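The following report works through one structure, taking its charged pairs, its metal site and its sheet in turn. The sequence and the model are shown here for reference.

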Amino acid sequence: MVEDGFASLPWRPTPRCDAEGGGHVLEGKSATGSWAFLGASSKACQRCSKALVAGTLRYSCKRCNYHLCDSCTAVRVEEMLREEMTLTVYREAEPEILPGLGADDDTLQVRIERGANVGQLKARIFALYGLSPALQAFRRDVDSKTLGDQELLAYDEDGDVVHLRIGPNFAAGGIGGLLQGATEAMSSVFAAMEGQRQELERTEYTLSLLMPETAALPERRCRIPVMATARVAELLDMARLELNVEGEEPLALEFAGQKLPTTASVHALGLRDGDTVLVFPDVGRTD
Ligand SMILES: [Zn+2]
Ligand SMILES: [Zn+2]
């Protein structure tokens, strides 16, 4: 909320550790000297190794024994803006203009970067379901106003809910049956697309991974089953394991001459059963 006379800071997610599944909320506190008194070794920042001595601000996840200093927490929060979360999109029931002609409510799970804005969510839903951005309107809840495309989603926890209404013009009320017909048609398109997505979630492809011969090592190959909805990042983890790639050497995947982006899904990239994917050291990586 913007308060009169105060510039509002841009929205930032709550800092979390980097555990699987979105991480746990980090608890911020001023470090005390008690560890030293208890004979435990003093904690250090996971990232920059700075000692978190008494009087410094630290952010901790007890479950993961994960501690960050103040400045690394700020970096972590920026990083979280680019990480994906699962947003629950609640499609409101269509009003029943004529008896029996309303559509039931429905929910969808959409993966999206935490730092995304409403326009980007519309684009993602268009990519997943073919529903034109012009027909999507989002609200934080039933009673709030429609969000503009430039507004940040500002949700940071898996399962957070945003409301979607589908229809050509939400402000106009007088088109009656015409509007009803249009929303009916779109609801069924939507249901069909959702069915397709669920089908995809049950589809598994067997892919061949091929790591070409290097000066040090012979060619390595394996075949792995993978869900159509799996992301390239998961495929990379499997490749590392199955091909016994030692150490922390960064890897990348290539298909049809293209390096595969890690956040895209196997199906979306056009990979299908029986395809062969090249695995190679990611020399271009700078981080
Ligand atoms: Zn640090
Ligand atoms: Zn944790």
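In this predicted model, Arg114 has a relative accessibility of 2% and therefore counts as buried, since the limit for that class is under 20%. Its partner in a salt bridge is Glu83, with 3.7 Å from N to O, and the two residues belong to distant parts of the chain, Glu83 lying in the loop between helix H2 (70-81) and E4 and Arg114 in the loop between E5 and H3, 31 residues apart. Glu83, at 27% relative accessibility, counts as partly exposed.

A second pair combines the classes in a like manner: Arg91 is buried, with a relative accessible area of 5%, whereas Asp106 is partly exposed, with 24%. Arg91 in strand E4 and Asp106 in strand E5 are 15 residues apart along the chain. Through salt bridges that share partners, Arg47, Arg76, Glu79, Glu83 and Arg114 are joined into one network. The search of the whole structure finds 15 salt bridges, and the table lists three among them.

| Salt bridge | N to O distance |
|---|---|
| Glu83 with Arg114 | 3.7 Å |
| Arg91 with Asp106 | 3.9 Å |
| Asp156 with Arg16 | 3.9 Å |

In the pair of Asp156 and Arg16, both residues are buried. Asp156 sits in the loop between E6 and E7, while Arg16 belongs to the segment before strand E1 (27-30), 140 residues away.

Turning to the metal site, the zinc ion (ligand 2) has as its protein donors Cys17 (SG), His24 (ND1), Cys61 (SG) and Cys64 (SG), which lie 2.1 to 2.3 Å from the ion. Along the chain these donors follow the spacing C-x6-H-x36-C-x2-C. The arrangement is tetrahedral because the 4 donor atoms subtend angles of 99 to 123° around the zinc ion. Cys17, one of the donors, has 1% relative accessibility and so counts as buried.

The sheet considered here is open and built from 4 strands in the order E5-E4-E7-E6, with mixed pairing. Strand E5 (106-113) and strand E6 (136-139) form its edges, each pairing on one side only, and neighbouring strands are turned by 35° against each other on average, direction ignored. E6 runs antiparallel to strand E7 (residues 161-166), to which 4 bridges join it, and Arg139 stands opposite His163 in E7. Helix H3 (residues 118-129) lies across strand E4 (84-91), E5, E6 and E7, and runs at about 115° to E5.

Methods. Residues numbered from 1 in each chain as written. Chains lettered and ligands numbered in written order. Predicted model: local features only at pLDDT ≥ 70, side-chain atom pairs only at ≥ 80, totals over all residues. Heavy atoms only, no water. Pairing = 2+ DSSP bridges. Axes fitted to C-alpha atoms, helices over the stretch in contact; angles between N-to-C directions. Contact = heavy atoms within 4.5 Å. Donors = N, O, S within 2.8 Å, 3.2 Å for Na, K, Ca; no water. Tetrahedral: all angles 85-135°; square planar, octahedral: opposite > 155°, others 65-115°. Buried < 20%, exposed > 50% of the residue type's maximum accessible area, 1.4 Å probe, protein only. Salt bridge = Lys/Arg side-chain N within 4 Å of Asp/Glu carboxyl O.
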